[in-house]
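Subject: Handover of a structure and findings

Dear colleague,

Please find the structure below, together with its sequence. The findings follow directly after it.

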Amino acid sequence: MRPRSAQAALALDTVDTDAAAAAKKLAAGRDITLKILEPSGSLGNVKPVAEVWTAQTGIKVEYIEVPLGEINQKMLLEAVAKTGAFDIALPATFGIPDLVESGILVNLDKYAAKYQPDGFQADTLYSIGDFYKDSFYGYQTDGDTYVMFYLKEWLDNPEEQKAFADANGYALKVPDTWEELDAQLKHFHRPDKGQYGGALFRTQYFIAWEWWVRFHAKGFYPFDNDLNPQINNEAGVKALEELVAASQYLYPGARTNGLFENFEAYGKGDSYANIGWGGTQKYLNSDKSSVKGKLAFGFTPGGNVKGKLLKTPYFNWGWNYVVSSVSKEPEIAYLFTLFATSPKESTVAVRDPDGYFDPFRSEHYKDPDIIKSYSEAFLVVHEASMRGSIPDLYLKGQGEYFDALRVAIQDVDVGKQKPKEALDDVANTWNRITRRAGKKGQQEQWKFLKSLYPRSIRDELT
């Protein structure tokens with residue numbers, strides 16, 4: 001899967017300075033400015049690194065900020081317009097297949113073979129989204145694995161532990177399965193007292209991600225080997241029924257609050273459980289939050305499959321450094337991406353307490369500033385989750401596949417459709433998307449993607 005480094009590749013312990021030196025040599029005698037297209041809110045991650053780059057190379061950097069949800073679309077438009085508007089971009093990882101197919105991304109295999117040190121990606125905890133059909137297109141620079149949050153005071157309360165055990169027949173603890181979590185949401189839900197079971201997302205954009213984990217935890221891939229959807233099988237319907245049942249134990253803002261409103265609402269301390277990312281924790285571990293230092297953390301819950309516990313942590317967002325195919329300086333642009341994701345410079349990027357980049361290299365988990373931002377307890381769970389995450393649906397048309405799923409799941413959640421008929425409709429829509437995208441090419445990528453699921457999970461999925 002990973003590009004093979006040539007004998008002349010850079011050294012791992014000096015990759016940042018060596019990449020800068022190589023770029024400086026390529027730019028000798030020329031006035032060059034690299035333009036970086038980035039999601040608004042990430043400047044604090046990018047600019048400190050770029051300033052070091054400029055100091056070492058003399059190559060200037062221009063920042064082009066785009067609203068969070070629009071960067072992938074801007075790149076697709078550039079694939080048609082070919083204006084040379086940017087050299088480097090930071091798209092959401094799940095959109096890379098569509099970007100590759102549009103022709104806007106440089107295949108980086110030859111540059112990685114020339115410059116990437118042996119072992120460079122060994123300490124990158126999640127790199128599945130960097131590749132499409134076994135070719136390399138960009139360096140992951142953000143660790144967006146899903147993590148669970150729990151109010152520790154409620155979880156450790158002896159009276160609550162006794163009442164829960166009496167009612168359910170097992171101990172109250174960080175849950176291993178979705179069944180256990182759902183029982184805990186129900187147990188703690190006391191809206192008449194201003195207390196809620198959870199703050200899990202029920203808005204359309206986010207709702208499908210929870211179902212995705214619930215479904216995988218029942219032991220199935222979303223497609224079979226021939227790319228026939230399996231989402232509407234008995235396990236898929238059951239996962240959706242359980243998600244909908246859990247909705248009655250969530251806080252009032254579950255169906256209306258967006259990402260940052262969710263952070264703020266859970267930070268008030270009146271909901272037991274939540275689901276989120278490193279960015280969630282940076283807010284909850286700040287002075288803006290009433291739950292700072294009062295949380296327990298866990299993987300997303302799993303399921304009992306083939307007589308044993310199967311956990312399927314999930315990487316569902318992330319940002320990647322990629323190079324535009326319209327750039328006049330693709331090799332220098334590549335060297336910047338290598339520089340920015342090096343152990344030293346990526347640590348600088350992740351340190352920004354207000355930025356989007358979460359830890360993604362093993363070195364990040366040892367940095368005192370990063371530990372301060374996230375807390376040691378969170379980082380232990382986050383690192384383990386990163387190492388074992390299942391991928392998002394990295395197929396051409398990912399947005400179309402997931403949009404159909406999102407609409408259907410929300411319709412079921414609010415009572416507009418029945419679970420089985422909704423998922424049957426989604427399966428039919430998925431088949432149409434596959435035909436439009438080209439089934440042979442989709443099957444090729446699906447076979448490749450399945451091979452990248454963590455082996456411990458892959459062996460248990462059907």
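To begin with a single contact: a polar atom of the side chain of tryptophan 446 lies 3.2 Å from the backbone oxygen of aspartate 224. Please note that this is a predicted model, and that the values in this message are computed from it.

**Tryptophan 446**

Tryptophan 446 belongs to helix α19, which covers residues 439-450. Its relative accessible area is 1%. Buried means under 20% relative accessible area, and tryptophan 446 is therefore classed as buried. Which residues does tryptophan 446 contact, leaving aside its neighbours within four places in sequence? They are Tyr221, Pro222, Phe223, Asp224, Leu227, Leu393, Leu395 and Tyr453. Aspartate 224, whose backbone oxygen takes part in the contact described above, is thus one of the residues on this list. As a reference distance, the C-alpha atom of tryptophan 446 is separated by 21 Å from that of leucine 108, and the two residues are 338 residues apart along the chain.

**Leucine 423 and serine 346**

Two further residues may be described in a similar manner. Leucine 423 lies in helix α18 (residues 419-437). Leucine 423 counts as buried because its relative accessibility is 0%. Not counting residues up to four places away in sequence, leucine 423 touches Trp211, Ile231, Asn232, Gly236, Val237, Leu240 and Leu405. Between the C-alpha atoms of leucine 423 and alanine 296 there are 34 Å, with their positions 127 residues apart along the chain.

Serine 346 is found in helix α14, residues 343-350. With a relative accessibility of 1%, serine 346 counts as buried. Residues up to four places away in sequence again being left out, serine 346 touches Ala340, Thr341, Phe360, Arg361 and His364.

One of these partners, Ala340, is also among the buried residues of helix α13. Helix α13 spans residues 330-340 and is mostly covered, with 10 of its 11 residues buried. The buried residues run from Glu331, Ile332, Ala333, Tyr334 and Leu335 to Phe336, Thr337, Leu338, Phe339 and Ala340.

**The cavity**

How many cavities of 30 Å³ or more does a search of the whole structure find? The search finds one. The space in this largest cavity is about 40 Å³. Its lining consists of Phe120, Gln121, Thr124, Asp130, Tyr139, Gln140, Thr341, Phe360 and Arg361. By class, three of the lining residues are nonpolar, four are polar and two are charged. Thr341, Phe360 and Arg361, which line the cavity, also appear among the residues that serine 346 touches.

**Strand β7**

Strand β7 (residues 147-151) is mostly covered, and five of its five residues are buried. In a regular strand, side chains alternate between the two faces of the sheet. In β7, Val147, Phe149 and Leu151 point one way, while Met148 and Tyr150 point the other way.

Two strands pair with β7. Strand β9 (residues 271-276) is antiparallel to β7, and four bridges link them; tyrosine 150 stands opposite alanine 273 in β9. Strand β10 (residues 295-298) also runs antiparallel to β7 and is joined to it by four bridges. Here methionine 148 stands opposite glycine 298 in β10.

**The pockets**

The largest pocket holds about 630 Å³ of space. Its lining comprises 23 residues, and Gly279, Lys282, Tyr283, Pro353 and Asp354 lie nearest the centre. Helices α11 (259-266), α12 (278-284) and α15 (368-374) are the elements that give two or more residues to this lining. The largest share, four residues, comes from α11. The lining of the largest pocket divides by class into 10 nonpolar, five polar and eight charged residues.

The second largest pocket has a volume of about 400 Å³. It is lined by 20 residues, of which Gly69, Asn72, Phe94, Tyr205 and Gly399 are the closest to its centre. At least two lining residues each are supplied by α3 (71-81), α4 (96-102), α9 (204-216) and α17 (398-413). In this lining, 10 residues are nonpolar, six are polar and four are charged.

Yours faithfully

Methods:
Residues numbered from 1 in each chain as written. Predicted model: local features only at pLDDT ≥ 70, side-chain atom pairs only at ≥ 80, totals over all residues. Heavy atoms only, no water. Buried < 20%, exposed > 50% of the residue type's maximum accessible area, 1.4 Å probe, protein only. Pairing = 2+ DSSP bridges. 1 Å grid on protein atoms, 1.4 Å probe; cavity = no way out; pocket = protein on both sides within 12 Å on 5 of 7 lines; lining within 4 Å. Points joined across faces, edges and corners; volume = space filled by probe spheres on them. Nonpolar A, V, L, I, M, F, W, Y, C, P; charged D, E, K, R; others polar. Contact = heavy atoms within 4.5 Å. Polar contact = N/O pair within 3.5 Å; in protein donor to acceptor, adjacent residues only side chain to side chain.
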